[in-house]
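Here are my notes on the model, point by point. Please read them with the structure open.

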Amino acid sequence: MTPKKLNRILFLLFVIAFALGFGSCSTKKNTWTRRAFHNVTCQYNVFWNGKMSMVDGTYNLEENISDNYNEILRVYNYGTKEEAKRLYPKMDRAIKKVSIAIQKHSMYFGGEEKIRWVKESYFLMGKAHFLKQDYISARRVFDYVAKEYNEEPISFEGYLWLAKTYIQTERYEKAEANLNLIRSKMDEGNIPKSVKKDLPLVQADFYIATGKFDNAYPYLERAIELGNSRDLITRTNYILAQINQQDGELDLATAYYKKVIKRNPHYIMDFEARINMAKSYDEGTGDSKNVYKVLNKMVKDFKNKDFLDQIYFALAEVALKDGDVEKGIEYLRLSVSTSTTNNYQKSTSALQLADLYFTRNEYGDAQAYYDTAVSFLPPDYPNYNIIKNKANVLTEMVMYSQTITLQDSLQKLAAMDTVELYALIDGIIEKYIEEKEKRQEELESGMSDGGVQFVDMNRGGGTSRQSLGGKWYFYNTQALSMGRSGFIQKWGNRKLEDNWRLTDKRMLMQSGGDDLVENEGTEIVIDSVQAERKPTDPENRAFYLVGIPETEQDIKDSDSLIIMAYSKLGFLYLEELNDTINALETYLTFQHRYPENQYRLESWYALYKIYNEKGNTEKALHYKNLIIGNYPDSDYAKVILDPDFYIKQAQEKNQAAKLYEKTYLAYDRGQYYRVIKLADNAIVQFPEDTAYIPRFKYLRAISLGKVEVPDTLYAALDELVVSHPDSPVVPMAQSILRILQLDYGLGISEEEKQGLLEADENEPSPFNFDPEARHLFMMIVISENIETDPLKVRISDFKKKYFRLERLNIKSLLLDNQRTLITIGNFKGKDAADTFYTAIKNDEYVFSGMEAEGFEIFTISMNNYPVFYRDKNVKAYREFFSKYYSNFGE
């Protein structure tokens, strides 16, 4: 008897039992027959309820999950973790039901489970955990089923689903081991038919998950031969089509896509099959006219309104295969402009379009579409960082180009007389008004025609009405990108909110908004210093007069912007884009317009490199002589004369770094005479090393202060500050010089010293007084005079005796080479810390054997403690403590 027949018989028995009144789980089991029958029917009832919950949940999952058709599909799609959460109620109910069935109705004796539904219940439980994507629980259950019932057919089901679990968790070695185990037992007669049918599909899914599509191919073909559910076989055909398309087997891909369409799949798969069938067009043997016809028909189908971006992308691919780059570009632009929900397609189209513009050196358009692509690409997209960097470079380049154009235009306007200038502006305003009215008419016309109007670019090769794509601003990707870049440049990254233009909203809140009246045609820019009104109405003359240079200084400032932009633009062309043609043109124009600019050395060297690479020795020699003649000591001149200059310089830096490590080690060990000797050698050996020489001089000066008089230390540090004012060590040197000036009067008069002392007194304290903040008791002791461990023991004894109920921690750490810091805390506020301070201050036991000059005690808030430890300025905190903790600070 087959399991299917047995299942039907048991179901009929289940119905009859309820009809007779003793199939219910609550019926009294007064005879052996009734008890046995009850056990079977009740167990089957619970199992059936669990199974129905699972079937219902699985159906809901299949209805709601979506596939990424931009990649080769997996054989099985179990959705994302978020999508799986929708199944929790159904799967939890299934698990609960089968758990009841197992607990109440299991008959296990003689080393064997006698009730078939118990085994099925375990297996069903594993599947429920699997569909919840609780793969740890699923793995445990499937492993139990496979090993506990290893002599029965259900064990093969367990091994197969165990392999599925390992595939989902990317433990591919274990998945392959389970699949190999099943294949090794294929000749055994008790393997379920379902396992034989599913094994090739699981094997194919394994290879697809690991990216070995060619290995998956024969298993997919075998799965079709064996047959399976309609949807699964349709999906298998689609995957075979994708693999063939990827491998360039376009005829086979087309054949499989046709099979998919004939099987009447769900709408999205049907659409994707038709699109990819068009993409599989072979320019060598196919007929592009027919493909255009099919795709343009899809464009006009209202059902495809959400898929226009993909259709236009397919049209672009056909056009590019035919060698019609212009038409390909137009279709890609339409793909980007019509993409509203599919960010992956939008970024793919924008990226391909940007690459096309980039290869044609049309950097403005390339920048706009790279910017669009980066906005939607996920960070794990292949070469994401390269794409993002290219977008950033092009954004900079476009910005500098716009700076040159804008400033040139403003200077030309500044050179006009008032009559000529106003006539020009009035003409611009008149044209603007005409364009605005025309746009409004087109927009109203488009809405009256039923919304978006599509385009058939194959008719006459024209671009008729492209959904207002190239005309209306918000459908123009380049305009939007430029506008966004310009907005950020002017306003920064502002949050979308009321009064977004106000940089300081405190004025608005204080005035209640009554004083701010926004006039038509102006924008309000308010900061804490001033309010400036700028015209924003393009129909107003004042809008165009903003920014026009009026004075000689304005012209100089404008020239400075142009000079800087030319220098940056040339560098980007040459170094970032490797575009020597545009770089050469930019640098030559730059030098012609501003021959005495501050960047001429860099520009000359760039021109020398370009001409040298082109083999134009005459021009290269001209710029070489300019560099060597005007800047003989520059790095550029040294590189021209010695191509290995930078290599030798790097080697010297490496040697200097090693010598500095040796010098610092000697300083750390207190070998001050050795430090002075090594530093003197370094100054002679590496005279031009601006990175390490100031460090050598600093260590040398400190070492001189250790072995000689303060005057020597002062002279050495003063020379360091004068010779290397930009070095990172200068602030430390200046700090020591200030101490020497105050303590010894070195380098300054008595009046100057008095002025420094007064300035110190007036300097604001780095500490803030907050009596509510948590506090510490702090003791600073001189390390060589006081043993800290016995002191901590005495403090601990004091705490246990007088503050037993307080949860206080005692910690110690080095404040510097001479002093140790001991803290006790933490106290809830200043008052609690004051109580501890007063109590311990007069305790003879704690301070026994300690001289008064060997330690200091304070209380300090947790907010001030990090500042104190960072600066280690005991004097400053002592003054702060005396001021704010005056009740016991004296």
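1. Start at helix H29, residues 645–668, where Lys662 sits. This is a predicted model, so please read every point below as a statement about a prediction. Lys662 is partly exposed, with a relative accessible area of 43%. Lys662 also belongs to a positive surface patch. The other members of that patch are Arg669, Arg674 and Lys677.

2. Now the opposite charge. Which glutamates gather in a patch of negative charge on the surface? They are Glu430, Glu434, Glu435, Glu437, Glu441 and Glu444. Take Glu434 as one of them. Glu434 is found in helix H20, which covers residues 418–448. Its relative accessibility is 47%, so Glu434 counts as partly exposed. The cut-off for exposed is over 50%, which means that 47% stays in the class between buried and exposed.

3. Next, the salt bridges. How many does a search of the whole structure find? The search gives 21. One of them joins Arg235 to Asp67, with the closest N and O atoms 2.8 Å apart. Arg235 lies in helix H11 (residues 230–246), while Asp67 lies in the loop between helix H2 (32–64) and helix H3 (81–84), so the pair ties together parts that are 168 residues apart in sequence. The two partners differ in cover. Arg235 is buried, at a relative accessible area of 11%. Asp67 is partly exposed, at 24%. The buried class ends at 20%, so Arg235 falls under the cut-off and Asp67 does not.

4. A further pair is Asp408 and Arg593. Their salt bridge brings the closest N and O atoms to 2.8 Å apart. Asp408 is in helix H19 (residues 384–415) and Arg593 is in helix H25 (residues 580–593), so this contact ties together parts that are 185 residues apart in sequence. Arg593 counts as partly exposed, at 31% relative accessibility.

5. Please also check Lys609 and Glu575. Their side chains meet in a salt bridge, 3.1 Å from N to O. The pair links distant parts of the chain: Lys609 is in helix H26 (residues 600–614), Glu575 is in helix H24 (residues 552–576), and they are 34 residues apart. Is each partner buried or partly exposed? Lys609 is partly exposed, with a relative accessible area of 25%. Glu575 also counts as partly exposed, at 37% relative accessibility. Salt bridges that share partners also form a network, which joins Glu326, Arg360 and Glu362.

6. Turn to the strands. Strand E5 covers residues 775–782 and is mostly covered, with seven of its eight residues buried. Which strands pair with E5? E7 pairs with E5 in the antiparallel sense, over seven bridges. Strand E8 (residues 855–861) also pairs with E5 in the antiparallel sense, over seven bridges. His775 is a useful marker for both pairings. It stands opposite Phe827 in E7. His775 also stands opposite Ser861 in E8.

7. E7 has another partner. Strand E6 (residues 809–814) and strand E7 (residues 819–827) pair in the antiparallel sense over six bridges. Lys811 stands opposite Thr823 in E7. E6 and E7 form a hairpin, with four residues between them.

8. Two more residues for the list. Leu308 lies in helix H15, residues 308–321. Leu308 is buried, with a relative accessible area of 3%. Met298 is ten residues from Leu308 in sequence, and the C-alpha to C-alpha distance is 8.5 Å. Ile736 has its place in helix H33, residues 730–744. Ile736 is partly exposed, with a relative accessible area of 21%. The cut-off for buried is under 20%, so Ile736 is not in that class. Ile736 and Tyr714 are 22 residues apart in sequence and 8.3 Å apart in space, C-alpha to C-alpha.

Notes: Residues are numbered from 1 along each chain as its sequence is written. This is a predicted model: local features need pLDDT of at least 70, side-chain atom pairs count only at pLDDT 80 or more; totals for chains, interfaces and linings use all residues. Side-chain values use heavy atoms; hydrogens and water are left out. Patches are made of residues with over 30% relative accessible area and no salt bridge: like charges are joined within 9 Å, nonpolar side chains (Val, Leu, Ile, Met, Phe, Trp, Tyr) within 5 Å. Accessible areas come from the Shrake-Rupley method with a 1.4 Å probe; for residues, only the protein chains shown count as cover. A salt bridge is a side-chain nitrogen of Lys or Arg within 4 Å of a carboxyl oxygen of Asp or Glu. Lys and Arg count as positive and Asp and Glu as negative; His and the chain ends are not counted. The place of a charge is taken as NZ of Lys, CZ of Arg, CG of Asp or CD of Glu. Helices (H or I, at least four residues) and strands (E, at least two) are DSSP runs, numbered from the N terminus. Buried means under 20% relative accessible area, exposed over 50%, partly exposed in between (1.4 Å probe, protein chains only). Two strands pair if DSSP finds at least two bridges between them.
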